[in-house]
Each structure stands twice: as structure tokens, then as C-alpha cells.
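Biologist: Please take a close look at one part of this model for me: the places where its chains meet. Keep it brisk, and stay with the contacts.

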There are 2 protein chains.
Amino acid sequence: MQDYSEVAQIFKAFDDEKRLHILDMLKDGEKCACVLLEKMQISQPTLSHHMKILCDSGIVNARKEGKWIYYSISASGSKVAIDWLINLVVKNSTNYNISA
Amino acid sequence: MQDYSEVAQIFKAFDDEKRLHILDMLKDGEKCACVLLEKMQISQPTLSHHMKILCDSGIVNARKEGKWIYYSISASGSKVAIDWLINLVVKNSTNYNISA
DNA sequence: AAAACATATTGACAAAAATAAATATGTTGG
DNA sequence: CCAACATATTTATTTTTGTCAATATGTTTT
């Protein structure tokens, strides 16, 4: 491993209460930003800020449909995060398997 | 899920470059704080600060031996983190298996 | 085209976190 | 017991992050 900053960026997605709340809601399935907003006690710019961090980390996908934006959890981004986490704490992580 | 703050605390361990560097060194095996310090470009109080965060998150164990403190990655703490991460991004995570 | 709406961006501020110097605590060796 | 050492804590400073108000951008509807 050389550059830890990119990996740190991934885990920023999980280090904030509000973002965990958002992820928990998205786990049920894709949701419009407006739906997320009305279920949380934060302003619209703050939600937008958190969604940017979640998207930049690769954990969340955004899909634009008209004036709405639908967010969902990225399966591939999630896998990258899980793989990194295992790689960070387990010596020979190539022996590890995750099966669904 | 009710209280996201405790979960956020766990992932604080992974959201900082220096802490990822430390974890990467500990993955090889237990190391004295003095060894970690000499391999990093940070002051002793800063290392102490990071080690406290890593220990508080449950990811790292500390073992005192005389005037030295030996740190190592906690297998159980790591498992908690991995399980949480999967739970956060996968809908029916009970179907997931991690095998070593 | 204008109004209403959904989201993003900018700017300003407050809270939290990282950092290091100074100091404290506890341990070992002389 | 004292000096040297390893680590922790306190204090102060700087940097980063979360937040909202104001504004901008782009979309739909009338």
C-alpha cells in the first residue's frame, strides 16, 4: 500500500452519524434526495454535501431522472470497501472469502 | 439500528491516513509504540493520540510490558467492524459468510 | 416565457479533529 | 534514590469538517 489518503476517503462514508443514517435508508433500495431530506433533520445543502461525500467514496450511486436525483448503494463500491477493510486488518486476506 | 454514533466511532479508525499507515504496520504483527514512532513522521503525542483512537474503536489491542506498550490488531474488533460494514451496505447480510 | 420545483454551489461560521510543545506519570537501571 | 526512558495528558494552535443562508443551475409545468 502506498497512498493511504484514497483509502481513508472511502471510509469517510462511514464516520458520520448522518451518513450512516442515509446509508441505512438506502439499504432498503433506491431513494430520491427529496425523500431522504424529509426523513432527516438537516437542511437541503447539508444533505447535498453528505451525498457528495457518499458518492465520492464510491459507496453510493446517483441517477438523474428529470429534476430528481435517485441515490442507491453501489454494490461494486461496497465490495471495494469491504475488501479494503479486510485487507487492512487481516494478514493474508487472499485466503478470505465473502459469499452471498 | 438506533444509535449511529457508536458505529461511526468504529470507522474513525480507518478515516485517517496516519491511522491506516499504523494499521498496515500492525498487520505484520504486534509492535511497540516506539517502533511505530520511528517509522512515522509524527510527534510522540500525536502517535499517542492516534493509538487512543484506534484502541477506543476496538480495532487495536494494547499490551503493557514494563515501560513499553505493544499494540496489535484485535481479531474480534476487526470482525465487529467487518460485520458492521457488511450490515451497512447489504440488505440481507445474514446470508453473508466470511470464511478464512 | 415565467413560475415553481429539485438539487448544487458558494460563503460564512461553528464545532471537531490533528498536531506539537510542555509537562506529568510510571518504569527501569545505575 | 536518582537519572534516563517510554508513554500519556494537558494546553494551545491550526486544519478540517459540518452546517445553514443565500444564491445558482437546471427541469418541469403552465
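Modeller: To compare copies, I superpose them by least squares on the C-alpha atoms of residues with pLDDT of at least 70 in both. The model is predicted. Chain B falls on chain A after a rotation of 180 degrees, with 0.0 Å of shift along the axis. The RMSD is 0.1 Å. The two copies are therefore related as by a two-fold rotation axis.

Now the protein interface. What share of the interface residues of chain B are also interface residues in chain A? The share is 100%, so the copies meet through the same surface.

Two helix pairs belong here. Take helix H2 of chain A, residues 17–26, and helix H1 of chain B, residues 4–11. Their axes come within 8 Å and cross at roughly 105 degrees. Angles of 65 to 115 degrees count as roughly perpendicular, and H2(A) and H1(B) are therefore roughly perpendicular to each other. From H2(A) come Glu17(A), Leu20(A), His21(A) and Asp24(A). They meet Tyr4(B), Ser5(B), Val7(B) and Ala8(B) of H1(B). By class, this contact of H2(A) with H1(B) has four nonpolar, two polar and two charged residues.

Next, helix H1 of chain A, residues 4–12, and H2(B). These axes also come within 8 Å, crossing at roughly 105 degrees. H1(A) is therefore roughly perpendicular to H2(B). Tyr4(A), Ser5(A), Val7(A) and Ala8(A) make the contact on the H1(A) side. Glu17(B), Leu20(B), His21(B) and Asp24(B) make it on the H2(B) side. The contact of H1(A) with H2(B) splits into four nonpolar, two polar and two charged residues.

On to the DNA, beginning with strand C. It is surrounded by 24 residues. The closest are Gln44(A), from chain A, and Lys18(B), Arg19(B), Thr46(B) and His50(B), from chain B. Of the atoms of DNA strand C that come within 4 Å of the protein, 70% are sugar and phosphate. Which elements supply at least two residues each of the surface near DNA strand C? Chain A offers helix H3 (33–39), helix H4 (44–56) and strand E3 (68–73). Chain B offers helix H2 (17–26) and helix H4 (44–56). H4(B) gives the largest share, five residues. By class, the surface has ten nonpolar, seven polar and seven charged residues.

Some polar pairs on strand C follow. Tyr71(A) has a side-chain N or O atom 2.9 Å from a phosphate oxygen. Lys12(B) places a polar side-chain atom 3.3 Å from a phosphate oxygen. Lys67(A) uses a polar backbone atom, 3.4 Å from a sugar or linking oxygen.

DNA strand D has 24 residues around it. Lys18(A), Arg19(A), Thr46(A), His50(A) and Gln44(B) come nearest. Sugar or phosphate makes up 70% of the strand D atoms within 4 Å of the protein, and bases make up the rest. H2 and H4 of chain A each supply at least two residues of the surface near this strand. So do helix H3 (33–38), H4 and strand E3 (68–73) of chain B. H4(A) provides the largest share, five residues. The surface near DNA strand D holds ten nonpolar, seven polar and seven charged residues.

Polar pairs on strand D involve phosphate oxygens. A side-chain N or O atom of Lys18(A) is 2.5 Å from one. For Ser43(A), a side-chain N or O atom is 2.9 Å from a phosphate oxygen. For Tyr71(B), a polar side-chain atom lies 3.0 Å from a phosphate oxygen.

Terms used. Residues numbered from 1 in each chain as written. Chains lettered and ligands numbered in written order. Predicted model: local features only at pLDDT ≥ 70, side-chain atom pairs only at ≥ 80, totals over all residues. Heavy atoms only, no water. Near = heavy atom within 4 Å. Polar contact = N/O pair within 3.5 Å; in protein donor to acceptor, adjacent residues only side chain to side chain. Helix = DSSP H or I, 4+ residues; strand = E, 2+ residues; numbered from the N terminus. Nonpolar A, V, L, I, M, F, W, Y, C, P; charged D, E, K, R; others polar. Contact = heavy atoms within 4.5 Å. Axes fitted to C-alpha atoms, helices over the stretch in contact; angles between N-to-C directions. Parallel < 35°, antiparallel > 145°, perpendicular 65-115°, else oblique.
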